[in-house]
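Please open the structure in your viewer and display the chain as a cartoon. The tour below proceeds from the whole molecule to selected pairs of side chains.

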Amino acid sequence: MVTTSNTTSVEALNRANDGKLPGWLGLEVTNVQDGLVEGRLPVRGELVAHTGYLLAGALLSVADILCAYGVSTVWPDGASGFTTAEVKCNFVGTIREGAALCRAKLLHGGRTTQVWDAEVTSEATGKLMAAFRCTQIILYPVQGRGS
């Protein structure tokens, strides 16, 4: 079993959004627990395609951001960072107005990798809009390297 420590909160993640892509998108983190991060994305004109529907890229970004934020909820002791190795997203619906909700959950939390799943749903109907999965590689300080 990997020893972990939760190093974040709703407030800390929402502060981290300011001035960065999550803040520009309008993402609000609503819940943080060990292995779970949830958020809300309101639909607004800048996020809508020429077809009038919410852009798939906005949904993908939100899912990726919340999964990345989730790494800090189950941080392996001694880790110094992480990087994304792979992402996959299936889009099955969209919306024109309202908001999207995203729930990112840890599927596998090992010492060297984490696998996260996220579901994006319509706030109004609860219908699935996107199913997302990513793999994160956990990084550690290099030992024994001189300058």
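**A first selection: Arg-40 and its partner**

Begin by selecting Arg-40 in this predicted model. Arg-40 is partly exposed, and its relative accessible area is 27%. Next, add Glu-123 to the selection and show both side chains. Glu-123 is also partly exposed, with a relative accessibility of 38%. The two side chains form a salt bridge, with 2.8 Å from N to O. Arg-40 belongs to strand β3 (residues 36-42), whereas Glu-123 sits in the loop between β7 (113-122) and β8 (128-139), so this pair ties together parts that lie 83 residues apart in sequence.

**The whole chain**

Now zoom out and colour the cartoon by secondary structure. The protein contains three helices and eight strands. Followed along the sequence, these elements come in the order β-α-α-β-β-α-β-β-β-β-β.

Rotate the view and consider the overall dimensions. The C-alpha trace spans about 55 × 30 × 30 Å along its principal axes. What radius of gyration does the protein have? The value is 16 Å, which agrees with the figure near 15 Å for a compact globule of 147 residues.

Contacts can be considered at this scale as well. Among contacts with a separation of 6 or more, 64% involve residues 24 or more positions apart.

**Strands β7 and β8**

Select Asp-117 and Arg-133 next. Their side chains meet in a salt bridge, at 2.6 Å from N to O. Asp-117 lies in strand β7 and Arg-133 in strand β8, so the pair ties together parts 16 residues apart in sequence. Both ends of this bridge may be inspected on the surface display: Arg-133 is partly exposed at 40% relative accessibility, and Asp-117 is partly exposed at 24%.

**Arg-44 and Glu-46**

Move to Arg-44 and Glu-46. These two residues form a salt bridge in which the closest N and O atoms are 3.0 Å apart. Arg-44 has a relative accessibility of 26% and counts as partly exposed. How many salt bridges are counted in the model? The count is four.

**The surface and the charges**

Finally, switch to a surface display. The protein exposes about 8,000 Å², and carbon and sulfur atoms supply 53% of that area. Of its 147 residues, 38% count as buried.

To end the tour, colour the charged residues by sign. The protein has 12 positive and 13 negative charges, and the mean positions of the two groups are 4 Å apart.

Notes: Residues are numbered from 1 along each chain as its sequence is written. This is a predicted model: local features need pLDDT of at least 70, side-chain atom pairs count only at pLDDT 80 or more; totals for chains, interfaces and linings use all residues. Side-chain values use heavy atoms; hydrogens and water are left out. Helices (H or I, at least four residues) and strands (E, at least two) are DSSP runs, numbered from the N terminus. Buried means under 20% relative accessible area, exposed over 50%, partly exposed in between (1.4 Å probe, protein chains only). The radius of gyration is taken over C-alpha atoms; the globule rule is 2.2 Å times the number of residues to the power 0.38. Contact means heavy atoms within 4.5 Å. Accessible areas come from the Shrake-Rupley method with a 1.4 Å probe; for residues, only the protein chains shown count as cover. Lys and Arg count as positive and Asp and Glu as negative; His and the chain ends are not counted. The place of a charge is taken as NZ of Lys, CZ of Arg, CG of Asp or CD of Glu.
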